[in-house]
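Thanks, everyone. I have one model to go through today, and I will keep to what can be read from its coordinates. Here it is.

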Amino acid sequence: MNINAKTQIQEFRSVGTRPVRQDGVDKVTGRARYGADYNMPGQLVGLVLRSPHAHARIKSIDTSAAEALKGVKAVITAADLPDHADGDEGLLEILDNCMARTKARYDGHAVAAVAAIDEATARKALGLIRVDYEVLPHVTDVDEALKSTANVVHEHATSRVDPEQNVPLNVHATEEFGHGDIEAGFAKSDLIVERSFKAEQSHQGYIEPHACVASVNADGTGDLWVTTQGHFSYRIVCAQLLGMDVSKLRVTSSEIGGGFGGKTHVWAEPVALALSRKAGRPVKLTMSREEVFRSTGPTSPASIDVKIGVSNEGVITSAYAHLRYGCGPYSGVWGMLGAMTAFACYDIENVKTIGIDVRINRPKTAAYRAPSAPVAAFAVESVLDEIAQKLDMDPLELRFRNAVKNGSRSSYGPTFGTIGLVEVLEAVKSHPQLNVPLAANQGRGIACGYWFNIGGQTCTTLNIGVDGTATLTIGTVDVGGSRSSMSLVAAEELGIDYDKVKTVIGDTATLGHNDTTEGSRGTFSSSMATINAVKQAIGVLRERAAKMWEIPVDDVVWEKGCARAVGEEHGNLPTLSLAEIAKEAPNTGGPIAGHSEIVAEGVGVSFGAHICDVEVDPETGATKILRYLVVQDAGRAIHPAYVEGQYQGGAVQGIGWALNEEYVYGADGRLQNAGFLDYRIPVCSDLPMIDTVIVEVPNPGHPYGVRGVGETPIVPPLAAVANAISRATGVRMTHVPMSPPRVLAALENAKVT
Amino acid sequence: MHYSRPNSVAEAVNLLGGNTGNAFILAGGSDLLVRMKGGFVEPSLIVDIKAIAELRQIRATDKGFWIGAAVTCAELGESEMLRAAWPGVVEAANLIGSKQVQGRCTIAGNLCNASPAADSVPALVAAGARVHIVGPNGSRVTAVEDVPLSPGKTSLAPGEMVAAIELDERPAHASDAYIRFIPRTEMDIAVASAGINLTLDADGTIKTARVALGAVAPTVLRVDEAAEALVGTKLETAALERLAETCSAAARPIDDKRGTIAYRKSVVGVLAKRTAELAYKRARANS
Amino acid sequence: MVDVNVWGSLSTCTDNQKVIQIEATTIRGLLRELVEKYPGAAPWVKRGISVSIDGEIIRDDWSKTLPDDAEIYLIPRMTSG
């Protein structure tokens, strides 16, 4: 086996520097155009009517009064979105989620939509639509939904794998991973800790609501301007749902005000297109914040049991986790992801994980930054912390003794190649935060986290301008600064300055298919394609220089942004700069460009470890984050400031979830807190500066050693904060968010028992 | 919908009196505009009082201080004389919303919104503030705690509006404080809160006390029994415990998304203790 | 013939064998033979399977060859946030 492929040590000129981001000025001056900042001539306002019931059969919808209202140009229901899925259940589920077909399956499920000349008219029209519902019993809790007596969320709900033929109907899928014999492993352990955990549902909380402008023409062509993480994927799904030809729908991604996975799925875009098709005019559809919370995809609520056995020396002998994730009314992959990641940080002889997707009457679960892994880590890392306490062992030392390294068998199967968890733990060990003394009511928590990366289909084009500057067109949406990172990569390869390269995101007519910016793939995949495209352009540049010099191309090399002739015969020629070659392009063969169309493979995984110091007010249960450290392996940081930004952003989202963020459902199955007042993401004053350390263990699968870094940072925080609070209070926390009422109740409960 | 921006109180009263529909006063707009945007209210008339000069003033009077209904919370925070005399009222006003909201919102609006969780109201009740109300039948003065009746409902008659809120002069050895609990550090609404105003003897014995609690009942609660627990003490541990107990016992909160009954009853006692300690410390420093 | 490791829930379609023998030299051949031999695996392949070859997870490129002594693992094909 060859799993230790070495990456060459490379000297970089641009990569690793921290220039000003290229989209920065537009964003801070308000010029950047987001989803709602685009307008088309004659556009209408689209609004969606949503179910007030968690579960109800739609007996009839009367739209006649709304249609008769002056200024209303189209009213649609599911009848206007016929089933073009051709038996594809996944596609049909998306269609059903965009517009309820027979049943409203959650509070906020779309049942009808209108397009009118202005918002007031559209709002009035919504009020004129009469929906006759037959309200059905609902279930919003994961554990309740698993009970065999629970109401069935989806009439077609069947388990993908049903070996016993007796799984409850709300189970969508069960996945199992692991190796060895866990019972034998527990039998030889010296200490076993077993606990159950619960995590409430959280939303990505992107600041920009979903928004789009859709225009469908009578000839079957269309345009969609939209805030999305993946305009190519949106194009395919929207075209399929509407029965359009994929290539006739042109989708342009706007600037994006955050996505974190929530903008990888279509929600209202097919509705806007259907409204436009019916009205014959462009339609702008912008969700309110309330709609974003009620009707787009939060992450799963979860319920988890963990059992870990260790030797007295702190070596894990056996580990088991049973993870139950809510997936909304449809199918999901969340149990699988939780089961794959739960023990991925540790080299364990006997391990078994079971992940279950549970159907509930809540919005369709969407991806949220390393989906499922944060709550799995919360459960596993909490149990490890308790084991460290019981063994009277430094919790960092416990991680060292079990950490995966090159050649370790992963808990989900394959053997790891070059990975950096041990290097991360070493960086933690030498960090000064560990030496800051703690006072009364203060505690320090540590936790590790893991996430995969994905590669996928990627295209880029590099065009050389007449003055020797370069435009790089990429197709992975820039969510976290990747345009600037790609300019650094192109500048590095071309040997010119960063500010001579401008990177733009191409629309779906400009480039071949690009997979969505998800799975920490944007910088990894697009940099790989960019390097290829620049290498191809350099080949062209060398040919052009050879023509200008009238020498064989083999005698031309590319160095430091210039063509240089080599060999005894021509070696004394002065170099030709990129600008000089570009200027001659019309007379040497025309425009100079390079392209790359690839499937990016060779992904490297990323491990992180976080340290959190807290102070808990024992009288109110309120937690203050005193200090917070993120250490993570980036492989190679193209633009270190953006890598740090990902570390800090992920940590902050995790801290918010750990402390306050949660969906609160009433007994009526309706969401109680669909707004930022009562869905509490952290504000700046809640947080200290998030300290970061970038560890670089290069990924041998990438020319520069890049690993995707975007998701791992949200994996450890729930556990790091929980471990810190547990140590500060002496009471083990098992339910996130650890909001003040929940912490105070836990403290009171511990006093009683 | 009609929008008007009168220049005098008389003109405003006239507009309100002549309106037969759904009239709303616009001061800072930090509640009204949100409710309009959310589709919860559809005003037929909006009377913007920010152009009425006398409602934009903070004045020292022979009895104390006169705060016009259109004075923003940020302006209260900038008033040195109010900060010195009524630090608890000012700190309550400067907890509302965010910095941006404080630049618009008013304590009169906070009072008339009639939310049990309004931050400035417990502090005003503890301070014994009075409200000047004008209307079609002339003007009247009432205690702050008599304005809110229940969530969203006030005792103002049709056509009436608040013109000003009046606070007493501040004697020596006296001060006030307001503390609320929120899960975040700012931009939030009180889960429970306490406003306390104390007057001491020269030796530190509490002569008079007023205790008001927020977010633990349908309206802000004045708890006289809690105040009695403090009078005659020097805020010893036993007095503080008695204060906490009476406040927790007096609280009649609900279970909702912001907190449970048990949590609010427990925390409001903790807040009362902390607020009393802060007010006492300030009163001792005010010699 | 290569040894192919199958994750827990997929093994319900491979007669509960965690390791199966497949006659294939590429990922494409592997997936084709898998379905041929174990028809129950067809929906899994349709939904997406990634193949780990000596620790490198290949998600899309079915032309990758399988070295003789390679460690081969099947895992679910992933998407994420």
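Let me start with a pair of residues. In chain A, A:Ala56 stands opposite A:Ala104, which is in strand 4 of chain A. Before I go on, please keep in mind that this is a predicted model.

That pair belongs to the ladder between strand 2 (residues 56–62) of chain A and strand 4 of chain A, which pair in the antiparallel sense over 2 bridges. The sheet around this ladder is open, with 3 strands in the order 4-2-6 (chain A), and its pairing is antiparallel. Its edges are strand 4 (103–104) and strand 6 (130–135) of chain A, each of which pairs on one side only.

There is another sheet in chain A to look at. How many strands form the open sheet with mixed pairing? The number is 6, in the order 7-15-14-13-8-27 (chain A). Strand 7 and strand 27 (735–736) of chain A are the edge strands, and each pairs on one side only. As a reminder, strands of a sheet pair through backbone hydrogen bonds, either parallel or antiparallel. At one end of this order, strand 7 of chain A and strand 15 (residues 351–358) of chain A run antiparallel and are joined by 8 bridges. Within strand 15 of chain A, A:Lys352 is the residue opposite A:Gly178.

Two backbone details follow from here. Most residues other than glycine have a negative phi, and most peptide bonds are trans. A:Arg369 has a positive phi, near 30°, and is not a glycine. It lies in the loop between strand 15 and helix 11 (373–391) of chain A. The other detail is the peptide bond between A:Val736 and A:Pro737, which is cis, with omega about 0°. A:Pro737 is placed in the loop that runs between strand 27 and helix 20 (740–752) of chain A.

Now the helices of chain A. I picked two packed pairs.

The first pair is helix 7 (residues 231–242) of chain A and helix 8 (residues 269–279) of chain A, whose axes are 10 Å apart and meet at an angle of about 50°. An angle like that is neither parallel, antiparallel nor perpendicular in our scheme, so helix 7 of chain A and helix 8 of chain A count as oblique to each other. The crossing of these two helices is right-handed. On the helix 7 side of chain A, the contact is made by A:Tyr234, A:Cys238, A:Leu241 and A:Leu242, and on the helix 8 side by A:Glu269, A:Pro270, A:Leu273 and A:Ala274. By class, that gives 7 nonpolar residues, no polar ones and 1 charged.

The second pair is helix 12 (residues 395–402) of chain A with helix 13 (residues 421–429) of chain A. Their axes come within 10 Å and cross at roughly 160°. The cut-off for roughly antiparallel is over 145 degrees, and helix 12 and helix 13 of chain A are therefore roughly antiparallel to each other. This crossing is left-handed. Helix 12 of chain A contributes A:Leu396, A:Arg399 and A:Phe400 to the contact, and helix 13 of chain A contributes A:Leu425, A:Val428 and A:Lys429. Here the classes are 4 nonpolar, no polar and 2 charged.

On to the other chains, beginning with chain C. Chain C has 2 helices and 5 strands, and along the sequence they follow the pattern β-β-α-α-β-β-β. What radius of gyration does chain C have? It has 11 Å, which agrees with the value near 12 Å for a compact globule, given its 81 residues. Along the principal axes, its C-alpha atoms fill a box of roughly 35 × 25 × 20 Å.

Which chains share the most contacts? Of the 2 pairs of chains in contact, that is chains A and C. Here 37 residues of chain A are in contact with 22 residues of chain C. Strand 7 (residues 171–179) of chain A, the edge strand mentioned before, gives the largest share of the chain A side, with 5 residues. That side of chain A has 18 nonpolar, 13 polar and 6 charged residues.

Chain B also touches chain A: 15 residues of chain B are in contact with 16 residues of chain A. Helix 11 (residues 261–285) of chain B supplies the largest share of the chain B side, 4 residues. By class, the chain B side divides into 7 nonpolar, 4 polar and 4 charged.

Last, chains B and C. No contact joins chain B and chain C, and their closest C-alpha atoms lie 27 Å apart. That is what I have.

Terms used
Residues numbered from 1 in each chain as written. Chains lettered and ligands numbered in written order. Predicted model: local features only at pLDDT ≥ 70, side-chain atom pairs only at ≥ 80, totals over all residues. Contact = placed C-beta atoms within 7 Å. Nonpolar A, V, L, I, M, F, W, Y, C, P; charged D, E, K, R; others polar. Pairing = 2+ DSSP bridges. Axes fitted to C-alpha atoms, helices over the stretch in contact; angles between N-to-C directions. Parallel < 35°, antiparallel > 145°, perpendicular 65-115°, else oblique. Left-handed = near helix turned anticlockwise from the far one by under 90°. Rg over C-alpha atoms; globule rule 2.2 N^0.38 Å.
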